[in-house]
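This briefing introduces two topics for a reader new to the structure: the packing of a pair of helices, and a pocket. Please look over the sequence and the model before reading on.

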Amino acid sequence: MTDAMVEARAVRKSYNGVVVLREVDLTVVRGEVTCLIGPSGSGKSTLLRCINHLEKHDAGELRVDGQLVGYQARGGKLYERNDREICAERARIGMVFQKFNLFQHLTVLENITIGLVKVLKIDPETARRRARELLERVGLPDKEKNYPSQISGGQQQRVAIARALAMDPKLMLFDEPTSALDPELVGEVLDVMKDLARSGMTMIVVTHEINFAREVANTVYFLDGGVIEESGAPKDLFSAPKSERLRTFLSKVL
C-alpha cells in the first residue's frame, strides 16, 4: 500500500477561460500535515475543493487513498461517478470552511449528529454519545444545547471541526479556518488542530498562519498564480526560500 493519502498529477482548473491551477503536482503522506500557503487568488482553495470534488478539475489526475476523485476508469476511459457515489466518497473527507457553515436552526449537538443519523444511518442515541465525546475533545462539553448564534466564532469553528470528525474521516481539509475569526479567538482553533495533528490525522490546511505551518506541518507548498512555486519541509522553506517570489511573500507576512 502506498503511503500517499492524496496524489495530484498535472491537475488543471479554469474558470471562464482563466486558468486557476496549472499542472499542479502534489503528494500528501498518510498521517502527515500539509500546509498550502500563498497570496489570495493563487489557487489554494480551489485545489482543496477539487480534492473532495466540490469543484471538478479539468485535466490531470487526483487520487485520495488510491481512488480517483470523482471518476472511475473503465475500458481505458474516465467516467464521472454518479451523485450517490460522489457523496459516499466525500463523506470520508472532512471539510472545515472559513465561515463555519453550521445550521443556525439546530443546536450544537444537533449540528454534529445530523450527518451521523442522516448519512451514516447511526441510531440517534449512539450519535449523541459520539457527538458529546467530540465536544469534550474540542473543549465545548457545556455548549451542546446552545445554538450557533449563542456562541463565539472560535467556538463555532470548533463545533464545525467536531462535526467533520464525527464522520470518522480518513482526511481532513481546512480552508483558512481562522481567517474569519477575531485575533483573540484564533489560538483556540489552532490548538484543536494541533491536537488533531498529534493524533495522526492526515490534514491539508490552507492557511495564512505561518507560525502554525512552521510548527505543525510536515510539508509546505507555496502556490502563486496557480503554480506550485516551491515546496519542502517548513524549516527549509521558511529559513532558506529558493524562489524570489517566496522570499517576497514571506517578507510581507512574517
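**Helix packing and the largest pocket**

Helix H3 (residues 108-118) and helix H4 (residues 124-137) pack with their axes 9 Å apart, at an angle of about 125°. The model is a predicted one, and the points below take up first this helix pair and then the pocket.

*The pair H3 and H4*

- Because angles from 65 to 115 degrees count as roughly perpendicular and those over 145 as roughly antiparallel, the angle of about 125° means that H3 and H4 are oblique to each other.
- Where H3 passes H4, the crossing is right-handed.
- On the side of H3, the contact is made by Val108, Leu109, Ile112, Thr113, Leu116 and Val117, while H4 brings Pro124, Ala127, Arg128, Arg130, Ala131, Arg132 and Leu135 to the contact.
- Sorted by class, the residues in the contact of H3 with H4 are nine nonpolar, one polar and three charged.

*The largest pocket*

- The largest pocket holds about 570 Å³ of space, and of the 20 residues that line this pocket, Arg90, Ile93, Met95, Arg163 and Met167 are the closest to its centre.
- Two or more residues of the lining come from each of helix H2 (83-90), strand S8 (93-96), H3 and helix H5 (153-166).
- H3, which also packs with H4, gives the most to the lining of the largest pocket, with four residues.
- By class, the lining of the largest pocket is made up of 14 nonpolar, four polar and two charged residues.

Methods
Residues are numbered from 1 along each chain as its sequence is written. This is a predicted model: local features need pLDDT of at least 70, side-chain atom pairs count only at pLDDT 80 or more; totals for chains, interfaces and linings use all residues. Side-chain values use heavy atoms; hydrogens and water are left out. Axes are lines fitted to C-alpha atoms, for helices over the stretch in contact, and angles run from 0 to 180 degrees between N-to-C directions. Angles under 35 degrees count as roughly parallel, over 145 as roughly antiparallel, 65 to 115 as roughly perpendicular and the rest as oblique. A crossing is left-handed if the near helix is turned anticlockwise from the far one by less than a right angle, and right-handed if clockwise. Contact means heavy atoms within 4.5 Å. Ala, Val, Leu, Ile, Met, Phe, Trp, Tyr, Cys and Pro count as nonpolar, Asp, Glu, Lys and Arg as charged, and the others, Gly among them, as polar. On a 1 Å grid over the protein atoms alone, a cavity is a set of points where a 1.4 Å probe fits but cannot get out, and a pocket is an open set with protein on both sides within 12 Å along at least five of seven lines; lining residues have an atom within 4 Å of a point. Grid points are joined across faces, edges and corners, and a volume is the space filled by probe spheres set on the points.
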